[in-house]
Amino acid sequence: MGAYIIRRLLIGLVVLFFVTVILFILMNLMPGDPITAYIPPEVLAQAGPEYIEIRREQLGLNKPVVVRYFIWLNELVHGNMGYSVQNGEPVLSRIKERIGATFELTGTALLLAIIIGIPIGIISAVKQYSIVDSLVTLFSFTGVSIPVFFLGLGLIYVFSLRLNLLPTGGLATIGAPPSLLDKLSHLIMPAFVLSVANLAQFARYTRSSILDELGQDYVRTARAKGVKELRVLFYHILRNGMIPLITVIALQIPLLFGGAVITEQVFSWPGMGRLALEAIMQRDYPLLMGITTVIAILVLIANLLADILYAVVDPRIRYQ
Amino acid sequence: MKIVKKIWLVGLAVLLVSLMSFSPAMAVKEGGTLNLHINKTPDSLWPLTATCRRATYLFELTYNYLVGFNDANEIVPQLAESWDVSDDGLTYTFHLRKGVKFHDGYPFTAKDVEFTYTLLANKKAASLFFGKVEPVKGAKAYYDGEANKVDGIQVVDDYTIKFVLEKPNAAFLSNLMFPIVPEHIFGKIPVDQLATSPESQKLIGTGPFKLVKYVTDQYYEFECFDDYWQGKPHIEKIYVKIAKADVAIAMLEKGEIDYIPEFPPSELDYVKSLPNLKILTQTNTTWPWAWCFNLKRSYFKDKRVRQAIAYALDRQGFVDSVLRGYGTVVNFPNTNARWAWPDPSEINQYPYNPEKAKTLLKEAGWDPDRVIEILYYPGNKERDQFATIGQQMLKNVGIKADVVCMDVARAVEKFHKGNFDILQTGASAQPDPDYQSLYFESSKVIPAGDNITSYANKRVDELFKKGRKTFDPAERAKIYKEINKILNDELPWIIICEPMHVSVVNKRVHGMHFNPNIIAFRDPARLLDIHKWWLE
Amino acid sequence: MMRDQNLLSVKNLRTYFYTEDGVVKAVDGVDFEIKKGETLGMVGESGCGKSVSALSIMRLIPMPPGRIVEGEIYFKGEDILKISEVAMRKIRGRDISMIFQEPMTSLNPVYTVGNQISEAITIHQGLNRKDSWDKAIEMLRQVGIPDASKRAKEYPHQMSGGMRQRVMIAMALSCNPELLIADEPTTSLDVTTQAQILDLIGKLQEEFKLSVLIITHNLGIVAEVADKVAVVYAGKVVEYAKTDEIFSHPLHPYTIGLLRSVPRLDMKKKDKLQTIEGEVPDSLTFPSGCKFHPRCFLCQEKCRTKEPPLIKAENGRLVRCWRYNEI
């Protein structure tokens, strides 16, 4: 098991290296200059003759791409992700300020998707072709295809404006003493919106996975032993059915971060998604590099966890 | 005719504003919390490097400028109580207000003014506003590192400061609108580290409100400044909340936001149905929307083609439908300096006339098979719609066009390389009409400057030069009127319209007074009198 | 009464599957009995309804689409088609056990074999964790797995096919059942292992005083282990007799066909192995009359139109053929 994890970890590091190389190349292929992108032309016009050149020099943008990459990599190894082009703040501190909120949001969303999606999938598999099952199928297709901003604004309209139950956005009520209830009331809508697509996805995969397992011989064996139906489902089938789901969940994690970009916009959620969007629009390469690298690391960690989880759940992998 | 309408609207706005400030018989109330909206977190709060327009709102809450403008667009005292200009127009002596305090209790003196404007000329400060001090004697030498101070900035005593210019510059005074930052704090920090120092993000100024707290991407919390030199503000607390525009409207309806300073006109129909809100408009001459031609393209060289396109566009129709009437069609690159406007009878109004457009195109020999490109970058909901509306209108007169949308960075790169046909953009105007030289003087052709269209006209070049040297207001007016007339005829830009600034505010907010025309060191200048506002 | 002597007695069992294409009559009139300690071999080609019959006895037919539409299954005198699911669950694994064709997939891949055996013990005998684990190891020993206490901790994928089938048997016998249903228990195993497993079943049958229903398409196995044989064709028992009688004197043309298709040691090289011509009919489109008639060498007009009942022949043998006495 230890060797297995170490092997995965090493592979992860190699993958990370190539990811950063590719990201760096892509970012340099992206048309547009960071300085002209974030300074409005009429402001730039007042800034003095060589302003752009001075800034480029200050930012090291005049060096060749390869050199810049290795400078960046060297700094990264030393725990420095560089400085934002926009305001010179360290990238790491800009990310740190926001990563907590993003974790809160994506974590809750993932949790919601798992604790709602999987049971729904199980029910619809066990009651295949029933009304419940049809409803679930309908819901999954709607859930997957409904745009996040549309759903978000719709929920705000209903729950915040018409019913006046929940706040329109933000982390917490401004000026109010911090409380769990207040926090939850702010978290519930964005987390739900972000989880809907995943939830639907998980329900669908759980359903098909459980249906697959239901037809397996070992299920018949268990029943022939006189095992109760509930135990057949939760003890025998579920653990086998979870194996493909682990992959699905791990694959959803990067998408979750992607979805967070829009959700955070809609619900004024102070996370990394909004930062990323700004970084892209303003060609803030160091910031963008930092954010994508952090996300790449998170995704790799998620995959590593998934791999470990596999081994825990499935002895066939553990004993390879 | 359109100009007449515009003046009428200005008058109406003035009337409304004055009614607003006089009609309530209610007594002014002290205290309360005001919630403002901005749609994006400003990239920086350091006035020298902040590029985001939203930062200006925060500056208006916390800083003061040396001078300001009144409703008639005259320069009026702010931190400078009065000033004298020498007869040769080279020396400005400012007498500063006494008893003004910074948020930390330190008194404001001439040292702070000297520090601020010297900083603008410091290359290491990466200031975006060197242009403001460039006319001052010795500024360039200091910028280039050839001098260790700006010769032209001279402190006489604690409350008197002199600016000596290289040569006379009529636009200088209005350029002085810039937040005065405290020397006693920033003087201790190395210049190249100022912009990134935590101190620079604290908004320590002499303004009516002080920053208490910033919660990342959520809100800024401000508290009224008891020692404000214009008197303690009525409002106790201000939250500036950051939210996406669509959501802000919901928050406005819910009462979580009191005031959205920049409101999309296309959403107004909804707001009108809500009883607790009122709509405020300001005539806006600082941000006209335009189509800029790439005059390096041979097929745009004939001005009849540009004129034909102007006739082909139903600009009034666009203003009426998309902007719900909240805009004005104009026919020269405008400026808020009304004194520089030519008489409406002297300029071509280019009314919507597709037949005339067709005739002109025929005369100019337009190739009907040519396909041109309309480039725009998304920025303003309503403006963006004009690209496709315009495309359709061009089609009606036999011009084929593609619409290309790119994000700002890519679009800027594209048009800086001169690789475009028509660029749809919004251009920001400065208080003094000299700003137009940025876009139309031949020495400023891209990529060196911002003359996007590569427009070159010897007469216009001469006039701009002359305008900067002329101080007699009547003479100056003549010069800029002529420039505008030429631009009206040659149309390097077709001004689509000047959208009005629309803001929506909760009726519980009282005492607001807006300059009917927006002028500021950078727009929007909505909060300059916020110390007079009060809440029901 | 017969019911009293018989451990299991199946009467006129009909199990149908209601599919989108129509009703599949997988089992369409199956009768047989098993006495205590007796072994019944059920023979037939794939798809003839053997396995469905066995699953019907266990009441493990997936419903829907399957349904037992008719018949009675008496186990120790009680019709187990009429008892509740809870009561049935107590019978499964305790009174009637079953082993399956595919030992590779019949075990749950994510649990140790010891765990899977002790599960049955815990359920039916109420032993605690440790006792049932010890019992599981004991069972593994009985089915001839060396080093049982170590192997109990292994997962199915770590074992060979033969070992797994032994595990299945250990599991099936762990609660001392009276009837073991073995559905093609050796089909997927190699020949040596096959023999070992059959020996094991035989040995355990004596030890545990088991009755066995062994389902196979392999007549050789039947000859080796069964006391009686039920030949099944198209969902029906077509011949039912003692094993030696079936082999020495088959009465049904289908049985004859089956016997001819078995290779024998006394065959000469040039003798060709005979096969039954034609194919097993599609259960959706069974022919009229005798279901076997399209493939039958004795077929005549009556066979085409009228289906024969299960006719009592000499020595209490049963056969479903109009012309059995012409053979």
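The exercises below walk through the chains, domains and cores of a predicted model.

Residues are numbered from 1 along each chain as its sequence is written, while chains are lettered from A and ligands numbered from 1 in the order in which they are written. In this predicted model, local features need pLDDT of at least 70, side-chain atom pairs count only at pLDDT 80 or more, and totals for chains, interfaces and linings use all residues; side-chain values use heavy atoms, with hydrogens and water left out.

**Exercise 1. Find which chains touch.**

Step 1. Apply the contact rule, heavy atoms within 4.5 Å. There are 2 pairs of chains that touch, and the most contacts are between chains A and B.

Step 2. Check the remaining candidate: chain B and chain C do not touch, and 47 Å lie between their nearest C-alpha atoms.

**Exercise 2. Describe the interface of chain A and chain C.**

Step 1. Begin with the residues: 22 come from chain A and 28 from chain C.

Step 2. Now take the buried area, meaning the accessible area (1.4 Å probe) that two parts lose on being put together, summed over both. Chain A and chain C bury about 2,200 Å² between them, with 57% of it on carbon and sulfur atoms. On the chain A side, Arg220(A), Ala224(A) and Lys225(A) supply 27% of the area buried against chain C, more than any other three residues.

Step 3. Look for salt bridges (a side-chain nitrogen of Lys or Arg within 4 Å of a carboxyl oxygen of Asp or Glu). The rule finds 2 across this interface. Lys225(A) forms a salt bridge with Glu119(C), where the closest N and O atoms are 2.9 Å apart.

Step 4. Place the chain A side on its elements, using helices that are DSSP runs (H or I, at least four residues) numbered from the N terminus. Helix 10 (217-224), helix 11 (229-266) and helix 14 (315-318) of chain A each give two or more residues to the side that touches chain C.

**Exercise 3. Work out how the two domains of chain A meet.**

Step 1. Set the bounds, which come from an automatic or database domain assignment: chain A is divided into domain 1 (32-80) and domain 2 (95-313). Their centres, taken over C-alpha atoms, are 38 Å apart.

Step 2. Turn to the contact itself, where 8 residues of domain 1 of chain A meet 6 residues of domain 2 of chain A. About 570 Å² is buried between these domains, and carbon and sulfur atoms give 69% of that area.

Step 3. Count the salt bridges between the two domains: the result is 0. On the domain 1 side, helix 2 (34-38) and helix 5 (65-77) of chain A each supply at least two residues. Helix 2 of chain A has the largest share of that side, 3 residues.

**Exercise 4. Locate the largest nonpolar core.**

Step 1. Use the rule for a nonpolar core: buried Ala, Val, Leu, Ile, Met, Phe, Trp, Tyr and Cys residues joined through side-chain atoms within 4.5 Å. Buried means under 20% relative accessible area, exposed over 50%, and partly exposed in between (1.4 Å probe, protein chains only).

Step 2. The largest core has 140 residues, and those with the most contacts inside it include Leu66(B), Tyr117(B) and Trp533(B). Domain 1 (32-80) and domain 2 (95-313) of chain A both give residues to this core, so it lies between them.

Step 3. Finish with Tyr117(B): not counting residues up to four places away in sequence, its partners include Leu66(B), Phe163(B) and Ile180(B).
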